[in-house]
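Reader: Could you walk me through how this chain packs and pairs? Keep it casual, but give me the cut-offs.

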Amino acid sequence: MKTWKKGMFVTMSASALILAACGNDSTGGEGGDNEIVIGGKPWTEQFILPQIIGQYLEANSDYDIKYQEGLGEVAILTPAIEKGDIDIYVEYTGTGLKDVLKLESEVGESSEDVFNRVKEGYEEEFEVTWLEPLGFENTYTLAYTEDSGISAETYSDLAELSKSQDMIFGAPHSFYERVGDGYDDLSETYGFEFSSTESLDPNIMYEALKNGDVDVIPAFTTDGRIERFNLQMTEDDKGFFPKYDAAPIVRMETLEQFPDLEELINGLAGMISEEEMIAMNARVDIDGDKAEDVARDFLIEKGLIEE
């Protein structure tokens, strides 16, 4: 595992410096009387979603919105929101359940049950609450290219092939570090025996697969490159991954400071379908559009802000 450990150290160190800078600049929820800071993870969907929330709030309130997009993965964002360096970011219920709260999931557990568990856990442990889900789930699918020579419909099929074929697994740095729903637990559950692993930036992971640098990746189901690159998806036949419904999470202190904020943000509840998120991601990743422009177009089309 030497390949990914070095990358993780660099990523975590850089993120730590960013977070320290945030603290020194006092740009969090307490930095200004009317200021709200929105954070995000360092990949496409998480550049779009802060813009959707931020532009929506700017158009429907007098809040001063600041962005800390691409701040880091969950290991950085969780302490950042707990300490008040940021006020809001979009998290996924399964990530909160397994990677943050370290709770077990049950096969077939409903979206509602997972949501209620993470909401209760975050309120008790971090004084952070979950608002209503945005309407789509972004889960994992183990993907490969059509011309790779691989033929698998399920994770179990892939696991059997990994024992007899020379297959390289590529994933974001954070996937190897995740506890409960990351590489080690996934391999133990299915018995994967990949010949080697590669640590990749999530924004170049798909290109690496397309170019043949790796054979299998944990693709995000809302990524437009799955369809555009004609990637083959497989089924999590043992139900390893929980539900990953996207929802804004907010510091409870921030909601106390701004009493109308919860109702405002919940105006986005159920507004983003999986198909719409896929299309928005594709516009950025493949067509080269800016995340802020994609977010603005979405809000206008939905009638949530005026042109």
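Reader: Which residues touch the most other members of the largest nonpolar core?

Author: This is a predicted model, where local features need pLDDT of at least 70, side-chain atom pairs count only at pLDDT 80 or more, and totals for chains, interfaces and linings use all residues. Numbering runs from 1 along each chain as its sequence is written, and side-chain values use heavy atoms, with hydrogens and water left out. A nonpolar core here is a set of buried Ala, Val, Leu, Ile, Met, Phe, Trp, Tyr and Cys residues joined through side-chain atoms within 4.5 Å, buried being under 20% relative accessible area with a 1.4 Å probe, protein chains only. Of the 71 residues in the largest one, the top two are Ile52 and Leu261.

Reader: What does isoleucine 52 contact, leaving aside neighbours within four places in sequence?

Author: Contact means heavy atoms within 4.5 Å. By that test, the partners are Leu268, Ile272, Met280, Ala295, Phe298 and Leu299.

Reader: Is the crossover from β1 to β2 right-handed or left-handed?

Author: Strands are DSSP E runs of at least two residues, helices H or I runs of at least four. β1 (residues 35-39) and β2 (residues 64-68) run parallel, joined by five bridges; pairing takes at least two. Between them the chain passes through helix α2 (residues 44-60), and with the strands pointing away from the viewer a clockwise path counts as right-handed. This β-α-β crossover is right-handed.

Reader: Which strands stand at the edges of the β8-β5-β9 sheet?

Author: That open sheet has antiparallel pairing. Two of its strands each have a single partner, so one side of each is left without a neighbour in the sheet: β8 (217-220) and β9 (231-233).

Methods. Buried < 20%, exposed > 50% of the residue type's maximum accessible area, 1.4 Å probe, protein only.
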